[in-house]
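Student: Could you walk me through this one, starting with the basics?
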Amino acid sequence: MLFRRLFLCALLVGVASGLLHAALQRLQVVPLIAAAEVHESAASPAAPPHASHHDAAPAPAAAHEHTHERPHESIHVHEDAGAHEHTHTHSHDADEWQPADGLERTVWTIVANILAATGYALLMIPMLALWDRSRGGTAASWKTGLAWGACAWLATFALPGIGLPPELPGMEAAELRSRQAWWLLCVVCSGAGLAAWLLARRHVWAWRGIGAVLLALPFAVGAPQPDGDALAAFSGDAAVQMHLLWAQFIWATALATALYWLALGALSAVAVARWVRPLTRPGTLGGATLTPAMERAL
Amino acid sequence: MNAHPTSLGSLAPARTGSLFTQIAAALLLGAVMVYGVEFSASPVAHNAAHDVRHANGRPCH
């Protein structure tokens, strides 16, 4: 069954590329997040969005709540509902479950990387399979997979990152839902725009025009931006350090995600060529009949 | 993978579900998984995947 095979291929690709991504993050990205959280913890009691929750609390207690030592022992004492009032503005509060620092947090990061990579492989592999099928079952290879991975990196990281650069913990930003909506708009438009630009075989210049419009559209709409400086919560030496960490973080995440997407694309294409193509090659499926117009559209 | 695909037992169910239905189902499952890890507002999902959301450049807080 095609679905089962797509799923098993995605799982294989997802485990391999997710583990690779987790290893790359471990080297460069996670240490920067941890360093930013130290500054975030120090700045939080005085930071405008979070300070109001602690008006009545003595300063040392407030500082303790925002440390990222993951104080599990303090979770269990806040059983009364009143203590939960302030959880939703700052998601690091101890009231909700969170993995303990160290091994538990690392394990959940690995699991989340594998789940995300498997999810993206489940998007990448079916699209590669359709593309491969539309080219007579000869197109998918590790080389074309690298190109698909590069385009996926552009569409999911680099182009959205122009409007919404990768954030470190503690940075101010516009409202979460509006940023997620713009990110989704940018990824869909970028993916469709790149596909229109690169995959068209007929009316190529018309498709390139459509592709250019799609690529420009999210930036014409504009990404939601914070009211002030993204690092307004930090002052003095912490602000200097956070600016340095942020610059390093953008480069570290760009490199790690690029290698991850190249691996995900190449492995997906190899999986399509080996295991999916026999089920999708034109004429091999009794149930699937395509009109010539549909074949051209693919 | 097989020079005679019609001999594959796994081809039999393909007649009931068309190519595009199965492709669409895989795409849908992938979208749900990505949403769960990278965008779900559930605090548990957020905290478990926190570092991955930041590392992938997704809006997180």
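Tutor: Here is a short tour, beginning with how to read the model.
This is a predicted model, in which local features need pLDDT of at least 70, side-chain atom pairs count only at pLDDT 80 or more, and totals for chains, interfaces and linings use all residues. Residues are numbered from 1 along each chain as its sequence is written, while chains are lettered from A and ligands numbered from 1 in the order in which they are written.
Student: How many helices and strands does chain A have?
Tutor: Chain A has 10 helices and 0 strands, where helices (H or I, at least four residues) and strands (E, at least two) are DSSP runs numbered from the N terminus.
Student: How do α1 and α9 of chain A pack?
Tutor: Helix α1 (residues 2-43) of chain A packs against helix α9 (residues 236-280) of chain A at about 175°, with the axes 8 Å apart; axes are lines fitted to C-alpha atoms, for helices over the stretch in contact, and angles run from 0 to 180 degrees between N-to-C directions. Therefore α1(A) is roughly antiparallel to α9(A), a term for angles over 145 degrees.
Student: Where is the kink in α1(A) centred?
Tutor: The kink, of about 60°, is centred on A:Arg26, the bend at a residue being the angle between axes fitted to the seven residues ending there and the seven starting there.
Student: Switching topic, how many residues of chain B are in contact with chain A?
Tutor: In chain B, 40 residues are in contact with 53 residues of chain A, contact meaning C-beta atoms, placed from the backbone, within 7 Å.
Student: And which helix of chain B gives the most to that side?
Tutor: That is α1(B), with 14 residues.

How values were computed: Angles under 35 degrees count as roughly parallel, over 145 as roughly antiparallel, 65 to 115 as roughly perpendicular and the rest as oblique. Two residues are in contact if their C-beta atoms, placed from the backbone, lie within 7 Å.
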